[in-house]
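Please explain how this structure is put together, beginning with the pairing of strands and ending with the contact between chains.

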Amino acid sequence: MDAAAAAAAAAPPSFPTPKREGPVVCLMIGMAGSGKTTLMQRLNSHLCEHKTGLYCINLDPAVPQCPFAANIDIRDTVKYKEVMSQYNLGPNGAIMTSLNLFATRFDQVLGFLDKRASELSYVLVDTPGQIEAFTWSASGTIITEALSSSFATVVVYVVDVPRSVANPATFMANMLYACSVMYRTRLPLVLALTKTDVMSADTILTWMSDQFEFQKALQSDPSFAHDLTNSMSLVLQEFYRTLRAAPVSALTGEGVEKFFGSVAEAKEEYFDEFLADVERRKKAREEAAKKAEAEQLEKLRHDLASEPKKGPAHARQEEEGEEEEEDAGEDN
Amino acid sequence: MVKYAQLVMGPAGSGKSTYCEAMARHCGSGGPGRRSVHVVNLDPAAEELRYRASIDVRELVRVEEVMQELGLGPNGGLLYAMEYVVQNIEWLAEELGDYDDDYLLVDCPGQVELYSHIPVMKTLVEALVRADYAVVGLYLVDSHFMTDAAKFISGALTCLSAMVRLEVPHLNVLTKMDLQPRLGPDDPRRRDLEAFLDVDVPAITARLREQTGPRMEALNRAMAELLDDYSMVSFVPLDLGDPASLDALLEQCDTMTQWAENQEPRDPHEDARDAADPGDSHDDADAGD
């Protein structure tokens, strides 16, 4: 099934529009090994300590142990190992399939959230370990769109400080990817600079504010001979200006308060600058879904009309109409 | 002597193996780009392959087995497997030795982490370059994910993120163009698609401005400049059902690796004979076993 058809098929029923007094959804995205899940654990315990209304969702089907108490866990609905053997898939195919299966029922998740919304301040969503399973999949798109059109949603892009400082080229590649995520989701972005207990984030913050410092660091990296063109560093500079960077240590909890401050600012930004676009996209999706439905009905009508009438058999066929319509959707 | 390899990259589901299969068949079936092609599978987590792999890294290591034996998750399993490949690079070098005169299509794992975050792919590419391979990278992206200007920019940045560390010439390829629903002339998606394939920067910027808020205005302008002076962010459309589309892509790759300059001049009579016997090239391919 192609992405558009999947999106149309799984378009959630209309949920209320996001409210300022409602919770903010944090979509945790980052490269494998960036420390997403550990950060989730820290944020979770911090919010619980402060008795803040919190809801946690785990979307990683392959995580062996979820170190935080998830209110909704994809692993309760989809068993990754079983998907692997049942559909005869490799590890990657199984992650994608698990996420697809979960995405088809995501309207239920929205329903739960909506019921609890008045008592919640934060909804933390952990995404699969391999970044592309979420950022380059139809189901990731469906889930992101469903959440962001119902609640204030910000992307928390997690970057590991020690690895970035040790290797400026890696940091650059990571930032290009983060920028790519921002263009895909068209949502406000908070950069969580993690593992600051191992190494301070100052170097990164300097690179982000002073491109000459960054160029200098790049040139000192012997494994990287690439000439960073001016236009590329200009893109990165402008990208940094659109986001908030929050150094944070999941181990000691240092910086967590400030991190939530950045999230709160990004939430305001969502309402002031992003919501109009989110609603425009939602409307376009609903119209496309309606159009696809009308076309399929028309096709069905046509098929039925061209079928020769055979008395009782014909009556049975009309009953099965709904099923046929679904099949038609998958063929496209 | 220069040898040639295409690295086929892209996220899961972007059509890497399908492309390898189609291109291998295309190159074996005559035409201007005719050559002896072998496909190398470099993804230790690959499922069933659509092509007959001349070299299959899964003979060395399989992610599923690593996961089982070491009790790792899919992430840890993949990392372990790829690092194992790097440690056993002689295995790869030895296998490659059998295909010295052939054009290689290398089906790579998709996870972007392997390109930018952990430099295993960089190490493997360096090994190829050291072994005298002229390498061209193809980054495949499913055209169904590229439905508006913002998503195009997103796709271009994803490619850039993976390629910026590999430092080999590369092309971004928009796959599954044949599966695109027929878009009407007034469909905004069609306008977006055309603007992007032609790198029509003013049109792209105008569409971006409609899609994003004031906060991203300056970033959009910077992106426009990047598009203007960086061919790395443009895309080649690919329709596997259309031989002309495959030829066009192959030609671009050949320009980048200067393939034609290093070919023996061909005897036109031999060409005619080969064309009359299409099975010939296939036999050649099998002889490598």
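In this predicted model, a good place to begin is chain B, where strand 1 (residues 3-9) and strand 4 (residues 103-107) pair in the parallel sense over 5 bridges. Within that pairing, B:L7 stands opposite B:V106 of strand 4. The two strands belong to an open sheet of 7 strands in chain B, whose order is 3-2-4-1-5-6-7 and whose pairing is parallel. At its edges lie strand 3 (55-56) and strand 7 (235-237) of chain B, each of which pairs on one side only.

Helices pack against this sheet. Helix 6 (residues 149-163) of chain B lies across strand 1, strand 5 (133-142), strand 6 (170-175) and strand 7, and runs at about 150° to strand 5. Helix 10 (residues 243-257) of chain B also packs on the sheet, touching strand 1, strand 4, strand 5, strand 6 and strand 7, with its direction at about 140° to that of strand 5.

From here the view widens to the contact with the other chain, which takes 53 residues from chain B and 58 residues from chain A. The area buried between chain B and chain A is about 5000 Å², and carbon and sulfur atoms give 62% of that area. On the side of chain B, B:H117, B:F145 and B:R215 lose the most area to chain A, together 16% of what that side buries.

Across this interface the rule finds 3 salt bridges; B:R215 forms a salt bridge with A:E269, their closest N and O atoms being 3.3 Å apart. The rule also finds 20 residue pairs in polar contact across the interface. Helix 6 of chain B gives the largest share of the side that touches chain A, namely 9 residues, and the residues of that side divide into 27 nonpolar, 14 polar and 12 charged.

Technical notes. Residues are numbered from 1 along each chain as its sequence is written. Chains are lettered from A and ligands numbered from 1 in the order in which they are written. This is a predicted model: local features need pLDDT of at least 70, side-chain atom pairs count only at pLDDT 80 or more; totals for chains, interfaces and linings use all residues. Side-chain values use heavy atoms; hydrogens and water are left out. Two strands pair if DSSP finds at least two bridges between them. Helices (H or I, at least four residues) and strands (E, at least two) are DSSP runs, numbered from the N terminus. Contact means heavy atoms within 4.5 Å. Axes are lines fitted to C-alpha atoms, for helices over the stretch in contact, and angles run from 0 to 180 degrees between N-to-C directions. Buried area is the accessible area (1.4 Å probe) that two parts lose on being put together, summed over both. A salt bridge is a side-chain nitrogen of Lys or Arg within 4 Å of a carboxyl oxygen of Asp or Glu. A polar contact is a pair of N or O atoms within 3.5 Å; within protein, one must be able to donate a hydrogen and the other to accept it, and residues adjacent in sequence count only if both atoms are side-chain atoms. Ala, Val, Leu, Ile, Met, Phe, Trp, Tyr, Cys and Pro count as nonpolar, Asp, Glu, Lys and Arg as charged, and the others, Gly among them, as polar.
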